[in-house]
Amino acid sequence: MSKRHLWIAMALTIAAAPAKAETIEVTIEKLVFSPASIEAKVGDTIEWVNKDVFAHTATVKGGWEVTIPPKKAASLTLKTAGSVDYFCRFHPNMKGRLTVTSP
C-alpha cells in the first residue's frame, strides 16, 4: 500500500470513529454551580465536584437527583436529549441549566 493510500485509509478510519463521550466537570463552591450552564451530548458524564463543607444536590424537579457529599464528587451519565433546569434541594437559590443533544 502506498503512503498516500495508507494516509487516506487512516483518515477514513478517524472520520468514521464515533465521538468519544466526555466528562464535564461542574465545580460547586460558595453555594454556586460553575459553570451554571452546560452543553453536553447523550453519553457524556457530568461530574459535580463539591468544594464546600456541606452537602449539595443536583435536582431536576420530577426527574433525577444526584447527592454530592461535602468535599467529594458525584456524577451522572446522560441518557436522553433535552434541556433541564436543576437546583440544590438544600439550597434552592443554587441553580444550573443542562442542555443535552444527540451525539
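Strands, written with the letter E, are DSSP runs of at least two residues and are numbered from the N terminus. With that vocabulary we can begin at Asp 44, which sits in the loop that joins strand E3 (37–41) to strand E4 (45–50). The model in front of you is predicted, and the distances and accessibilities below are computed from it.

Asp 44 carries a charged side chain, and it is natural to ask which partners it has. Side chains of opposite charge can pair when their charged atoms come close. Asp 44, however, is buried and has no salt bridge, for the nearest side chain of opposite charge, that of Lys 41, is 6.2 Å away. What the side chain of Asp 44 does reach is backbone: one of its polar atoms lies 2.9 Å from the backbone nitrogen of Glu 22, and the side chain also comes to 2.9 Å from the backbone nitrogen of Lys 41. If neighbours within four places in sequence are set aside, the residues in contact with Asp 44 are Ala 21, Glu 22, Ile 24, Leu 76, Thr 77 and Leu 78.

One of those contacts, Ile 24, leads us into strand E1. Is Ile 24 buried or exposed? Its relative accessible area is 16%, and because buried means under 20%, Ile 24 falls in the buried class. Beyond its neighbours within four places in sequence, Ile 24 is in contact with Ile 38, Glu 39, Ala 40, Asp 44, Thr 45, Ile 46 and Glu 47. Ile 24 and Trp 48 are 24 residues apart in sequence, while their C-alpha atoms are 8.5 Å apart in space. Thr 27 is also found in strand E1, and with a relative accessibility of 18% Thr 27 counts as buried as well. The contacts of Thr 27, again without neighbours within four places in sequence, are Val 32, Phe 33, Ser 34, Val 49 and Lys 51.

Strand E1 belongs to an open sheet of four strands, which run in the order E2-E1-E4-E7 with mixed pairing. Strand E2 (33–34) and strand E7 (73–77) stand at the edges with a single partner strand each, so one side of each has no neighbour in the sheet. Strands of a sheet pair through backbone hydrogen bonds, either parallel or antiparallel. Between E4 and E7 the sense is antiparallel, and the two strands are joined over five bridges. Within this arrangement Ile 46 stands opposite Leu 76 in E7.

Ile 46 is also a good guide to the interior. In soluble globular proteins, nonpolar side chains tend to be buried together. The largest nonpolar core here has 19 residues, and those that touch the most other members are Phe 33, Ile 46, Trp 48, Tyr 86 and Leu 98. Strands E1 (23–28), E3, E4, E6 and E9 each supply at least two residues of this core, and E1 gives the most, with three. Apart from residues up to four places away in sequence, Ile 46 touches Ile 24, Val 26, Ile 38, Ala 40, Ala 74, Ser 75, Leu 76, Leu 78 and Leu 98.

Another pair of strands shows a simple turn in the chain. E5 (residues 56–59) and E6 (residues 65–68) pair in the antiparallel sense over four bridges, and together they form a hairpin with five residues between them. In the turn, Gly 62 has a positive phi of about 75 degrees, and across the pairing the bridge partner of Ala 58 is Val 66 in E6. In a regular strand the side chains alternate between the two faces of the sheet. In E5, His 56 and Ala 58 point one way and Thr 57 and Thr 59 the other way, and all of these residues are buried.

How many salt bridges does a search of the whole structure find? There are two. In one of them, Glu 65 is paired with Arg 89, and their closest N and O atoms are 2.8 Å apart. Glu 65 lies in strand E6 and Arg 89 in the loop between strand E8 (82–87) and strand E9 (95–101), so this pair ties together parts that are 24 residues apart in sequence. Both partners are partly exposed, Glu 65 with a relative accessible area of 36% and Arg 89 with one of 43%. Asp 85 forms a salt bridge with Arg 97, where the closest N and O atoms are likewise 2.8 Å apart. This pair links Asp 85 in strand E8 with Arg 97 in strand E9, 12 residues apart, and Arg 97, at 35% relative accessibility, counts as partly exposed.

Definitions and conventions. Residues numbered from 1 in each chain as written. Predicted model: local features only at pLDDT ≥ 70, side-chain atom pairs only at ≥ 80, totals over all residues. Heavy atoms only, no water. Buried < 20%, exposed > 50% of the residue type's maximum accessible area, 1.4 Å probe, protein only. Pairing = 2+ DSSP bridges. Lys, Arg positive; Asp, Glu negative; His and termini not counted. Salt bridge = Lys/Arg side-chain N within 4 Å of Asp/Glu carboxyl O. Polar contact = N/O pair within 3.5 Å; in protein donor to acceptor, adjacent residues only side chain to side chain. Contact = heavy atoms within 4.5 Å. Core = buried A, V, L, I, M, F, W, Y, C linked by side-chain atoms within 4.5 Å.
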